[in-house]
Amino acid sequence: MAKHEYTVRNRMTHWQKSYPHWVSVVSIICVVILWELICRAGVVSSLFLPAPSRIVAALLTLIADGEIGVSLAASMYRILAGFAVGSLIGLAVGLVTGTSALADKIGSPIVNALYPIPKIALLPLFILWLGIGELSKVTIIALGVFFPVAMNTYSGVKNVDALLIKVAVSFNAGWWKTMKSVVLPNALPMIFAGLRLAAGTSLLLLVAAEMIAAQVGIGALILHYGDLMITDRLMAGVIVLSLLGLIFNLLLQWLEKKAVPWKN
């Protein structure tokens, strides 16, 4: 029996073991150094994979020329507007369908039927309806954000312990009081999971929309230098997108820690 407990404890230690943050930083640095050495050794042509040093130099040139600034400003407007609209509507739909049996019967089949459609495939239709300007791009991003937020909010609300709701109702708590004090706090982890998924989706749709129907933006910049086969500037655009996604993820993690302190 003692041997079994010792084995279980060792296995739990393995699963629960944590490492300092510098381990992640060191691993990234090692990958970058290896990448630089491979490129400098001529194992891979710089046309196909430029060295990190060349990418950084190209990025600094694009920053100095103001090209990155203009492209980033256009992309930030589109992604922030689309993310805000899509997440707010998704949150509202998820809460309503999760708390109302009638709304669930009406709304859930529609959401489940539309979710599998590739959202970028609808961009030509949105351009036809809304024009080639900003509205069509913001709408396609908002649509992509809507579904993960709505579905995760719905799941979070449905997974709230019914006993907690009964306790609130037994103390004569109204609908808004129950939502504020019981439903939302318990659903927040799932809601933030949906927001993180939506952030990744919004970046994908942003790039796709800008490559198809934009003259300015990070996606348009990447496509432009890809057509010219200037891969160091292409990769500089990809790095900017990667940093943008990282910042979004860190911001959402920070907001989740503030909103759901008991989870950490």
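Note to self on terms: I take contact to mean heavy atoms within 4.5 Å. Helices here are DSSP runs (H or I, at least four residues), numbered from the N terminus.

This is a predicted model, where local features need pLDDT of at least 70, side-chain atom pairs count only at pLDDT 80 or more, and totals for chains, interfaces and linings use all residues. Residues are numbered from 1 along each chain as its sequence is written, and side-chain values use heavy atoms, with hydrogens and water left out.

**H11.** I started with what covers its buried residues (buried is under 20% relative accessible area, exposed over 50%, partly exposed in between, with a 1.4 Å probe and protein chains only). The cover includes helix H2 (22–40), helix H3 (52–65), H4, helix H9 (175–213) and helix H10 (218–227). Among the residues buried in H11 I noted Asp 232, Phe 248 and Glu 256. Then I checked the length, taking the expected span as 1.5 Å times one less than the number of residues. H11 (residues 231–259) has 29 residues, so it should span 42 Å, and its end C-alpha atoms are indeed 42 Å apart.

**Met 229.** I found this one in the loop between H10 and H11. Its phi is near 60°, a positive value in a residue other than glycine.

**H5.** The helix has 14 residues and reaches 20 Å from first C-alpha to last, close to the 20 Å expected. I still saw a bend of about 30° at Gly 107, with Pro 109 following within four residues; the bend is the angle between axes fitted to the seven residues ending there and the seven starting there. Gly 107 is also on the buried list for H5, along with Ala 103, Asp 104, Ser 108 and Val 111. I see those buried residues packing against helix H4 (67–99) and helix H7 (134–158).

**Lys 119.** Where does Lys 119 sit? I place it in the loop between H5 (101–114) and helix H6 (123–130). Lys 119 is buried yet has no salt bridge, and Asp 104, the nearest side chain of opposite charge, is 18 Å away. (For a salt bridge I need a side-chain nitrogen of Lys or Arg within 4 Å of a carboxyl oxygen of Asp or Glu.) What I did find is its side chain reaching the backbone oxygen of Tyr 115 at 2.6 Å. Not counting residues up to four places away in sequence, Lys 119 touches Leu 114, Ile 140, Leu 143, Gly 144, Phe 147 and Leu 205.

**Ser 136.** Last look: Ser 136, in helix H7, counts as buried because its relative accessibility is 0%. A polar atom of its side chain lies 3.1 Å from the backbone oxygen of Gly 133.

Technical notes. Helices (H or I, at least four residues) and strands (E, at least two) are DSSP runs, numbered from the N terminus. Lys and Arg count as positive and Asp and Glu as negative; His and the chain ends are not counted. A polar contact is a pair of N or O atoms within 3.5 Å; within protein, one must be able to donate a hydrogen and the other to accept it, and residues adjacent in sequence count only if both atoms are side-chain atoms.
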